[in-house]
Amino acid sequence: MDSTTQELVRFNHLVELIYEGATAPERWTRDIMPAIADYLEAPAGILYSFLHTPQNGGYFFLHGIEQDHVDQYVQKYYADDVWKIAMAERNQYVTGNLVVGDELIPRAQLLQSNFYKACLSRNENMVQLLGSIVFGSESETSLPTICSFFRGSHHADFNETDRTRLRLLGPHLSRSLGVMHRLRSTELTLATSQAALDRLASGVLLLDAAGTVTFTNHAAQRMLADRDGLRLHRHSHQAGLGNLMAETVSASKAIGDAIAATLRIDPYATPHFSKSLTVPHLSSPARYVLQFSALGSHNEFGGSAFAAIVFITDDANKIAIDPAVLQQAYGLTLTEARVAVALLDHESAREVADTLGVSPNTIRTHIKNIYSKLGVDTRARFVKLLLGVAKQSV
């Protein structure tokens, strides 16, 4: 087996492992991050939501880095992070971007910084940085996320091969994490049973290896029954529920192409999870938004029986909450109520700030007050409570 074939086999195995993390988040720390780090010859790595701590619905998956080191970074040194500062100044937190520490700040300057001396120096393998912005701060579908790997001064520099490898892994990381985000239940556990999928507001389809729909959750059933742009078409003697189709030829072809590309898992041509497909309603200007992802062969839904998952969001069914209900029920001010409603549609304080035209710090203060009045301590519980309010006020 020549070196090119060996590289492709190794890459394909790693991609398959990454997709298995979509329904088994514990594998990111146990299996996936160590495997990627080994592939990149990096002794340390971290995959984390850079705008959300675990206490606020985010996550940290570590390899070669102690948890107390991360805790100290968050509590004491986050504001001093010269890499973070340089990335923000250059607007580098953009989905799909690749960052290299030595290009953000000269290594000599890093080694003289208080951030390195007080924080990074605790781990000799954290001098060089190679990172992929899996979901940027502009993401509307998933928590902003970065996957970073590190080497020490005593290691070889990250080279173009390392960059190419991580760049090619980026779309697969985004698809797996995108599925994980969408399947997270209100208590931050995965909805990995078919019954649990019925509780999700978005439509969910599970597909077999032939691309046939074999499961639809309740939300998807309602959308497909309306035949307002999407439907299932089942051939005689065909197994499963049928093929996902649109009411126009062009949209049906786009869906078929997206499903074929998802099942093929092309290591070099897989689009990012954020690159969704839209299908128009027949009766209104609203749209269905479809997102596709492969599932690992050992997924928690039923192993090899399901090869891919499709999420369907209907623009016409966006959740509406009357701010007055929040004011009356929980004692929120009008401004706090408006922030709460906006926060339901956006992932970060910065996005809410941009929407409402105020500073992120002001929004963070409002969020703190909102959480206190609502009696919640995580974004997940906040969303759960507001969804309940929405149902009561419909």
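This briefing describes how several strands and helices are arranged in the structure above. The model is a predicted one. It contains an open sheet of 5 strands with antiparallel pairing, in the order S7-S6-S12-S11-S10, and strand S4, residues 128-135, pairs with strands S3 and S5.

**The open sheet**
- Strand S7 (213-216) and strand S10 (277-280) stand at the edges of the sheet ordered S7-S6-S12-S11-S10, and because each has a single partner strand, one side of each is left without a neighbour in the sheet.
- From one strand to the next, the twist of this sheet averages 25 degrees.
- Within the sheet, strand S11 (residues 287-294) and strand S12 (residues 308-314) are joined in the antiparallel sense over 7 bridges, and Leu290 stands opposite Ile312 in S12.

**Helices against the sheet**
- Helix H8, which covers residues 160-183, lies across S11 and S12 and runs at about 55 degrees to S12.
- Helix H11, made of residues 249-264, also packs on the sheet, where it touches strand S6 (203-207) as well as S10, S11 and S12, and its direction makes about 20 degrees with that of S11.

**Strand S4 and its partners**
- Strand S4 is mostly covered, with 8 of its 8 residues buried.
- Strand S3 (residues 98-100) pairs with S4 in the antiparallel sense over 3 bridges, and Val99 has Gly131 in S4 as its bridge partner.
- Strand S5 (residues 145-151) pairs with S4 in the antiparallel sense over 7 bridges, and here the bridge partner of Phe135 is Thr145 in S5.

How values were computed
Residues are numbered from 1 along each chain as its sequence is written. This is a predicted model: local features need pLDDT of at least 70, side-chain atom pairs count only at pLDDT 80 or more; totals for chains, interfaces and linings use all residues. Side-chain values use heavy atoms; hydrogens and water are left out. Buried means under 20% relative accessible area, exposed over 50%, partly exposed in between (1.4 Å probe, protein chains only). Helices (H or I, at least four residues) and strands (E, at least two) are DSSP runs, numbered from the N terminus. Two strands pair if DSSP finds at least two bridges between them. Axes are lines fitted to C-alpha atoms, for helices over the stretch in contact, and angles run from 0 to 180 degrees between N-to-C directions. Contact means heavy atoms within 4.5 Å.
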